[in-house]
Amino acid sequence: MIRLSKRLKIIHDMVPKSVVADIGSDHGKLMIALVQSGIVKKGFAVENKEGPFERLRTNLIRYHVDSVITPLFSDGIKDITRDVSTIVIAGMGGSSIVNILKAHPEKLVSLQTIIIDAHSAVPFARKEICQMGFAIADEQIVKEDDIFYEIIKFVKADKAIIGDEDLEFGPILRREKCATFKEKYQNRINEINSLLTKAELPKARIISLNEERQKLERIV
């Protein structure tokens, strides 16, 4: 069995039994694990860089899943087939994820599940994907190598109403307030406290930091 990082294991556990496309598949570990655990019987591993694509193909053969997982040397979702109902886009910025989805809206018609691991612009990604006709079904936060990652599962929905605080902090994460969630925002509160005591800051910046601190203290 292939070993997954904590982050990839969380993504793995969110994937439903379906035809799956992993966008930016890199070494293909996620798709290999999904086949090994019986979740995926057919899937696509998409990569647009030559070096990683060759490593991906090699790994699919090495783990004997090349008859199940088709490697695609392609950009985004443009070449996935209509029977794909789940896509995973992990390891890139939220704006890039949104751009990938918006570039081929015809591919979204058959999708039932989108799982993202955005490394920046997470509130923006939440808002935009919800506006595409999806709702947040699950969220997890994980700390890996001293970096916090938010992994979000969207499912097709007729309507998704989401407020500003849910966009920023996540409706499920904000409600559950797990230890990692609290650690992330307590770290930011500590950082703000340090800035306010040590730095010579303009008045407007001080006001902004105090407002952010108050908001985070209310959330945590």
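These legends accompany close-up views of a predicted model.

**View 1. Helix 3 and its buried face.**
Let's start with helix 3, which covers residues 50–62. Its 13 residues should span 18 Å at 1.5 Å a residue, and the end C-alpha atoms are 18 Å apart, which agrees. Pro52, Phe53, Leu56, Asn59 and Leu60 are the buried residues of this helix. Seen down the axis, these buried residues fall within an arc of 125°, so they line one face of helix 3. A general rule helps here: an α-helix has 3.6 residues a turn, so residues three or four places apart point the same way. Packed against the buried residues of helix 3 are helix 2 (29–36), strand 2 (43–47) and strand 3. On the face turned away from the buried side, look for the exposed residues Glu50, Ile61 and Arg62.

**View 2. His64, just after helix 3.**
Moving past the end of helix 3, we meet His64 in the loop that leads to strand 3. What is the phi of His64, which is not a glycine? His64 takes a positive phi of about 60°. With a relative accessible area of 68%, His64 is exposed, because the cut-off for that label is over 50%.

**View 3. Ser74 in the loop after strand 3.**
Here the focus is Ser74, in the loop between strand 3 (69–73) and strand 4 (86–92). Is Ser74 buried or exposed? Ser74 counts as buried, because its relative accessibility is 7% and the label applies under 20%. Leaving aside residues up to four places away in sequence, Ser74 touches Val46, Glu47, Asn48 and Asp79. To place this loop relative to strand 5, compare Ser74 with Ile116: the two are 42 residues apart in sequence, and their C-alpha atoms are 19 Å apart in space.

**View 4. Strand 5 beside strand 4.**
Strand 5 takes up residues 113–118, and 6 of its 6 residues are buried. Thr113, Ile115 and Asp117 point one way from the strand, while Ile114, Ile116 and Ala118 point the other way. How many bridges join strand 4 to strand 5? There are 6 bridges, and the two strands run parallel. To find your bearings, look for Val88, which stands opposite Ile115 in strand 5.

**View 5. Helix 4 and what covers it.**
Helix 4 runs over residues 94–103, and its buried residues include Gly94, Ile97, Val98, Ile100 and Leu101. They cover an arc of only 155° around the axis, which puts them on the same side of helix 4. Strand 1 (20–23), strand 4, strand 5 and helix 5 (122–131) are among the elements covering the buried residues of helix 4.

**View 6. Aromatic rings of helices 6 and 8.**
A search of the whole structure turns up 3 aromatic pairs. One of them is formed by Phe169 and Tyr185: the ring centres are 5.1 Å apart and the planes are at 75°, so the pair is edge-to-face. This pair links distant parts of the chain, with Phe169 in helix 6 (residues 164–169) and Tyr185 in helix 8 (residues 179–198), 16 residues apart. Both partners lie out of reach of the surface by the accessibility criterion: Phe169 is buried at a relative accessible area of 0%, and Tyr185 counts as buried at 9%. Ring pairs also bring in Phe181, so that Phe169, Phe181 and Tyr185 are linked into a cluster.

**View 7. Arg7 over the ring of Tyr149.**
This view shows a charge and a ring. The charged end of Arg7 sits over the ring of Tyr149, at 4.4 Å from the ring centre.

**View 8. Lys177 between helices 7 and 8.**
We finish with Lys177, in the loop between helix 7 (171–176) and helix 8. Phi of Lys177 is near 50°, a positive value in a residue other than glycine. Lys177 counts as partly exposed, because its relative accessibility is 27%. Which residues does Lys177 touch, not counting those up to four places away in sequence? Lys177 touches Lys182, Ile219 and Val220. Val98, from the helix 4 view, is 79 residues away from Lys177 in sequence and 26 Å away in space, C-alpha to C-alpha.

Note on methods:
Residues numbered from 1 in each chain as written. Predicted model: local features only at pLDDT ≥ 70, side-chain atom pairs only at ≥ 80, totals over all residues. Heavy atoms only, no water. Helix = DSSP H or I, 4+ residues; strand = E, 2+ residues; numbered from the N terminus. Buried < 20%, exposed > 50% of the residue type's maximum accessible area, 1.4 Å probe, protein only. Contact = heavy atoms within 4.5 Å. Phe/Tyr/Trp six-rings, centres within 6.5 Å; stacked < 30°, edge-to-face > 60°. Lys NZ or Arg CZ within 6 Å of the ring centre and 35° of its normal. Expected span 1.5 Å × (residues − 1). Arc of directions from axis to C-beta. Pairing = 2+ DSSP bridges.
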